[in-house]
Structure formats: C-alpha cells, structure tokens
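Hi,

As promised, here is the structure we talked about. Have a look at it first, and my notes on what turned up follow underneath.

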Amino acid sequence: MNVLVLGGDGYLGWPTALRLSARGHEVGIVDNLVRRQYDEEMGVDSLVPIRDLETRVRAWRQLSGLRVRTYIGDLADADFVERTLADAAPAAVVHFAEQRSAPYSMIDRAHAVYTQVNNVVGTLNLLYAIAEVDPDIHLVKLGTMGEYGTPNIDIEEGFIEITHRGRSDVLPFPKQPGSFYHLSKVHDSHNIAFSCRNWGLRSTDLNQGVVYGQETEETALHSDLATRYDYDAVFGTVLNRFIVQAVVGHPLTVYGKGGQTRGMLDIRDTLACIELALLNPPAAGEYRVFNQFTESFSVGDLAERVADLVPGAEIEHLDDPRVEQESHYYRAAHTKLLDLGLAPHLLSDGLMASLLALVDRHRDRVDPSAIRPTVDWRRTHSHLGATAGRP
Ligand code: NAD
Ligand code: USQ
C-alpha cells in the first residue's frame, strides 16, 4: 500500500513509517520539523539522542535497502498539502502531525491558540485536499482517549445508543476533554465526521491512550534509527517520566491523589494498531472510531509499580497542576482493534526493567530542572516559552 505518514519525524510517526516500510508498503513522510523547535523553545531535549530526518532516512536505506520519501512542509499551508497528496497519490494517510502536549497548550493564550490553529486548520486543510485530490484515500487520524474525559459511566468506542423520551438513536459519545490540546482533537473529530457524511470520505479516528516505551523492532536496529524519548514535564508522558525519575533518584511526581486512571499502550502496539486500521479500511462515507489502548492504570498504581522495581525510589504527591478528577470511575471499551487481531504487549516488569536499563544508559543527559511541572491549568499565563512553536 502507498501510505503517507504525516508527522513522520515524531515520537510515534517515525517508528510507524519504518514499520510500514519494513512490511513492504511504499512510505512517504510529511513533517515541518516543528517538534524539534518546541525542544529549543522549552530548553529540553530527547533523552535518547535522535538524528535529523535526512540522516534517519539515509540510515534506513543503507540498513534495509528501502526508500522512504520525505516532504518537508506545514499542514497549515493548504497548497503544500494538496500538492503533496497529488504527487504522492497515497491509498491512505496516517495523520500524527499535531501539537500533542496538553501542558504546552495550557501555557498561555498564545500556546492555546497555536495548538488549536495548528491542529484544527491542519486537519481541515487535509480533509479538503483529500476531497479534491482523491476522496477514496483512507484517512487514519490520531485522536485521543482524552476526548471523552472521565464520565461516571462506561465509555463506548465513539458512539452510544441513547433512548430519549421514547425515541432512540446512535449518537457520538459525549466529550469532556481536559485541556485546549484535547479539545483540538474533539474539534478534529467533528470536522472529520462531517467530511465523511458530506463528501463520502472514509476515515478511522483512533482514540489513542497514553503511550509508553521507546524501542521498536526497526528502531532497535541502529542508534541512527532511534525515536525520541521525552521525560520533561511538558512533553513527557507519565510512565516514561516515572522511569526517568526512578533512575536519577528524583521522587516520582504523582499529581494530586493519583487516582487519575487512563488507557495506556506500548509503543509497539501503536504501530500494530495503525497497520490493522490500514489493512481493514472503512467503507466510502464511513467515519469509524477505535479506542486504541490495551490496559488502564491509575497514575498512583503506575508509580508504585515503578518504585517496587527500584530500591530506594520514593513517591511524592504534588498539588495537581491540572484541573482533573483525581479519583473517579473509569471503564472504557476497546474491543474493535482486538477483533481485528491486535495481540497486545501488556505492561510487564520485564518491559519496565528494559526501559529502566535504556534510561540508565542515557542518564547523563537528564536535566533534573525539566522534571517538575511548570504549567498551571488554573492560571492564564505560566511564564514559559513565549513564542508558541516559533522560537
Ligand atoms: P510528536 O510531537 O512527537 O510528533 C508529531 C509530529 O508532527 C512532529 O514531528 C511535528 O514536527 C509534526 N507536526 C506538528 N504540526 C505539524 C504541522 N502543522 N505540519 C507538519 N508537521 C507537523 O507527537 P507523538 O507523540 O508522536 O504523537 C503523534 C500523534 O499521536 C499526535 O497527534 C498525538 O496527539 C497522538 N497521540 C499521542 C500519544 C502519546 O502518548 N504520545 C497518545 C495519544 C495520541
Ligand atoms: N501525571 C502525573 N504525574 C506526572 C505526569 C502526569 O500524575 O508526572 C498525570 C496527569 O495529571 C494525567 C495523567 O498522568 O492525569 C496522564 O498525563 P500524561 O502527561 O501522561 O498524558 P496526557 O497529558 O493526557 O497526554 C498524553 C499525550 C497526548 C495524548 C494523551 C492520551 O501527550 O498526546 O493525547 O496522552 S489520553 O491521556 O488518553 O488523552
């Protein structure tokens, strides 16, 4: 299959591009490299050193003999998006190319506006380009479990059957997102669903949980193929952060009570889910939603599991910098990808031990000042990174 991976220079996009290439698909990467600029703006860096895109792609070609095309440009540029789709003529587009940090979106007005414009306008430009270039292209879009929030009822996969005053319908599941970033995904979902109804596009919205891990079969082949590992308070995701904190002897930063429960998955399962969605496309006009996670954990339980593996590790309950429920009911359906054949890598002590060893190899690169949270949801200005994606 001919596939374009938008955001193919990022944490998940790069290993996905390699996986698809290794499986014999023809792959093109689209990216404006802005993720590397956020690092400069925030004064942080990936824990694991990463090469520039050109070097990565060259290394992959030398190691595998396989070519991955690159298109450097911004999804905000509608002409670029349309030209790229026309040139690449893909059967499917996997869309990772958004600003994906909730704390970054909550720094101040400029970062909230940047996040929503980047994400919502980029996706809208893509929808128009698909409709104009080839409405048959399957859009596989990365959404987030955080679109649903934490309601006091079971979460379904995208839709819920409601009976109201004697009448019934299947309607989008209610959305209660917890940041301007998570809200951008809700806005995307509405625009995508409308485009499927309106133009007959076909799309899979993958409501993905929090990802952990770093190595995949392909990135492990050579250090030049490594994907990024974020541990800072703005871009690091919770388990990857706890692992780094345990290695450097920093107390594990559980926010508030620690009862916040989230769907999570191993980075290797992200790749498997994307491939399953690509190989099993929806019908023309169909907008479908898969909940993409394999297990749920509370952050308090995760911290305890990490601390149990590292003698002397301590857990600290910080005042929660976010506005979120700190203890709540959580049960979310996630059967559709399993039905397509997903065989999950569940979180094991072995995986955590290998992550601890990986982090230990790079422990000299940890900047302890990047660990504590700096963005406060309750304030409208957190005095950080004044330039919003444009350092
Ligand atoms: P990332 O920031 O590492 O990668 C995103 C990539 O998109 C970057 O390389 C960036 O340069 C590029 N990009 C951003 N805006 C762009 C634009 N306007 N034009 C072109 N390129 C642009 O993020 P990630 O962790 O790999 O996440 C990828 C996707 O998966 C995101 O949409 C995110 O919301 C979603 N997701 C991630 C997680 C997670 O835990 N990492 C969990 C659920 C969902
Ligand atoms: N948390 C802590 N301590 C920390 C870091 C986080 O207790 O040091 C808590 C947070 O308060 C939150 C939970 O852990 O309750 C998850 O936080 P996170 O930073 O790991 O994840 P989140 O902000 O939700 O965002 C990440 C990705 C985002 C993706 C989302 C999936 O950055 O792109 O959309 O996970 S989900 O959570 O399902 O919405």
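Let me start at the ligand: a nitrogen atom of ligand 1 sits 3.0 Å from a polar backbone atom of Leu-75. Bear in mind throughout that this is a predicted model. Two more backbone contacts go to oxygen atoms of ligand 1. One comes from a backbone N or O atom of Leu-12, at 2.8 Å, and another from a backbone N or O atom of Val-34, at 3.1 Å. In total, 28 residues surround ligand 1, and those that come nearest are Asp-31, Arg-100, Asn-118, Tyr-181 and Lys-185.

Next, the aromatic rings. The count comes to eight aromatic pairs. One of them is Tyr-38 with Tyr-104, a tilted pair with 4.9 Å from centre to centre and 45° between the planes. Tyr-38 belongs to helix H2 (residues 34-42) and Tyr-104 to helix H5 (residues 102-105), so this pair ties together parts that are 66 residues apart in sequence. Both of these tyrosines, Tyr-38 and Tyr-104, are buried.

Tyr-38 has another ring partner, Phe-235. Their ring centres are 5.5 Å apart and their planes meet at 15°; planes under 30 degrees apart count as stacked, so this pair is stacked. Here too, distant parts of the chain are linked: Tyr-38 is in helix H2, while Phe-235 is in the loop between strand S9 (210-212) and helix H8 (238-248), 197 residues away. Phe-235 is buried, as is Tyr-38. Taken together, ring pairs join Tyr-38, Tyr-104, Tyr-114 and Phe-235 into a cluster. There is also a charge to look at here: Arg-35 lies over the face of Phe-235, 3.8 Å from the ring centre.

Now for the nonpolar cores. The largest has 46 residues, and the members touching the most others are Tyr-104, Tyr-229, Tyr-231, Leu-239, Ile-243, Val-306 and Leu-347. At least two residues of this core come from each of H2, H5, H8, strand S10 (252-255), helix H10 (299-309) and helix H12 (349-361). If you click on Leu-347 and ignore its neighbours within four places in sequence, you will find it in contact with Tyr-212, Leu-239, Glu-295, Phe-297, Leu-302, Arg-305 and Met-352. A second, separate core has 33 residues, including Val-5, Leu-12, Ala-17 and Leu-20. You met Leu-12 above, with its backbone contact to ligand 1.

Two single residues to finish. Is Glu-218 buried or exposed? Its relative accessible area is 5%, and anything under 20% counts as buried, so Glu-218 is buried. Glu-218 is in the loop between S9 and H8, the loop that also holds Phe-235. The side chains of Glu-218 and Arg-19 make a polar contact of 3.2 Å. Leaving out neighbours within four places in sequence, Glu-218 is in contact with Leu-18, Arg-19, Ala-22, Trp-60 and Leu-225.

Gly-178 is in the loop between strand S7 (167-172) and helix H7 (180-199). With 40% relative accessibility, Gly-178 counts as partly exposed. Not counting residues up to four places away in sequence, Gly-178 touches Gly-146 and Trp-377. From Gly-178 to Thr-150 the C-alpha to C-alpha distance is 9.2 Å, with their positions 28 residues apart in sequence.

Cheers

Key
Residues numbered from 1 in each chain as written. Chains lettered and ligands numbered in written order. Predicted model: local features only at pLDDT ≥ 70, side-chain atom pairs only at ≥ 80, totals over all residues. Heavy atoms only, no water. Phe/Tyr/Trp six-rings, centres within 6.5 Å; stacked < 30°, edge-to-face > 60°. Helix = DSSP H or I, 4+ residues; strand = E, 2+ residues; numbered from the N terminus. Buried < 20%, exposed > 50% of the residue type's maximum accessible area, 1.4 Å probe, protein only. Lys NZ or Arg CZ within 6 Å of the ring centre and 35° of its normal. Core = buried A, V, L, I, M, F, W, Y, C linked by side-chain atoms within 4.5 Å. Contact = heavy atoms within 4.5 Å. Near = heavy atom within 4 Å. Polar contact = N/O pair within 3.5 Å; in protein donor to acceptor, adjacent residues only side chain to side chain.
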